[in-house]
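Biologist: Please take a close look at one part for me, and keep it friendly for a beginner. Once that part is clear, carry on to whatever else you find worth showing.

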Amino acid sequence: MTWFVEHVHRDGSVLARVAVPGDALRIGRALDNDLILDDAHCAAHHACLRLQADGSAVLEDLGSVNGIARHPGRPATEAISVTTDQPLRVGQSLLRVRSSDWPLAPEKPLSSRTVWPWALLALSAVLGYSAWEVWLSDLNDKSPPYLYMLSSIAAVFGIWSAAYALFGRLIGGVDRFFSHLLIACCGYLCAEAIHAGLESLAFSTGWLWPLQIAPYVLIVVVALVVRQHLRLADPRHWPTTRWGVLVVTVGAFLVPLGQTWISQQRLTDIQTMGKIAHPRWRLARPVPVGDFSERSAALQQRVDAARSAPADEDEWWSGDEE
């Protein structure tokens, strides 16, 4: 049986691995130690790992100021009996003690999933939904420039995915472009579905709170999408990076809330429904704005004429007004 001491990063990656020579291994900043730690919070001779006759190991403090402790957040102690490979804190460094007799985790299989067809299918869904939205909002005589709009949307998703793929290539050596494209497209479709659902709920019930919480729900969706991108691009450093994502997300919540409260003494700008986007299904042909205005003017003239007519000639209208 052979014992090893590993100097590990906070994300779990191994920075150095040293076999225990004989019955003890000395740890500290001095150059005569078996494991030299470049840590200002470690003493020159900080700790010593001693192998016991029964096959166990004990990590002992050698009278340092900062001591040794189990990670995370445990109080410092003079000696620690090593029974698992849980990281131990020595100064500000993390060490992991392992035995060659301990069982290893099973081998992880290589991923054989084909992602690009699903990514292209998701991108097609995004483009189809975008074309549907453009068609719904089209009230002009000329057809909107679908080709320019859809190619711009495809370029935005491609650049977004390529940026995370490049980040993954620089950090971990793997790009996974189509996986990032799939994440971006699914996140966009999910955000649109949630937004449409909240609008439908507000329209059908007359409640304002679905519209008031919609921006913050979308912030959560964006944060989850970025989380998946970063976790895929840099899995080694993700445990540390996730705190940055959390801080940015909380800031995205608090900054608009605080600014709205300071300027308007309320938490949201939405006080009335400014847009009625439903029903979504449009069965009639679109009417140009000019024709709609002419018809509205003609209808207004008829209404004014009906209101100015004598009561005996238009008694039904008077009854409706009452």
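**From a surface patch to a salt-bridge network**

Modeller: Let's start in helix α2 (residues 146–172), which is where you'll find Ile 171. Helices here are DSSP runs of H or I with at least four residues, and strands are runs of E with at least two, numbered from the N terminus. Keep in mind that this is a predicted model, where local features need pLDDT of at least 70, side-chain atom pairs count only at pLDDT 80 or more, and totals for chains, interfaces and linings use all residues. Residues are numbered from 1 along each chain as its sequence is written, and side-chain values use heavy atoms, with hydrogens and water left out.

Ile 171 has 40% relative accessibility, so it counts as partly exposed (buried is under 20%, exposed is over 50%, and partly exposed is in between, with a 1.4 Å probe and protein chains only). Together with Leu 166, Phe 167 and Leu 170, Ile 171 makes a nonpolar surface patch of about 390 Å². Patch members have over 30% relative accessible area and no salt bridge, and nonpolar side chains (Val, Leu, Ile, Met, Phe, Trp, Tyr) are joined within 5 Å, like charges within 9 Å; areas come from the Shrake-Rupley method with a 1.4 Å probe, counting only the protein chains shown as cover for residues.

Just before that helix, Pro 144 sits in the loop between α1 (116–136) and α2. Pro 144 is buried, at 15% relative accessible area. Its C-alpha atom is 63 Å from that of Leu 95, 49 residues away along the chain.

Now for the salt bridges: a side-chain nitrogen of Lys or Arg within 4 Å of a carboxyl oxygen of Asp or Glu. That rule gives 5 of them. Take Glu 6, buried at 2% relative accessible area. Glu 6 pairs with Arg 17, with the closest N and O atoms 2.7 Å apart. That links strand β1 (residues 3–8), home of Glu 6, to strand β2 (residues 14–19), home of Arg 17, across 11 residues.

Glu 6 also bridges to Arg 96, at 2.8 Å from N to O. Here the link runs from β1 to strand β10, with Arg 96 and Glu 6 lying 90 residues apart. Arg 96 is buried too, at 16%. Arg 98 joins in as well, its closest N–O distance to Glu 6 being 3.5 Å. Arg 98 is in β10 and Glu 6 in β1, so this pair ties together parts 92 residues apart in sequence. Arg 98 is partly exposed, at 24%. Through shared partners, Glu 6, Arg 17, Arg 96 and Arg 98 end up in one network.
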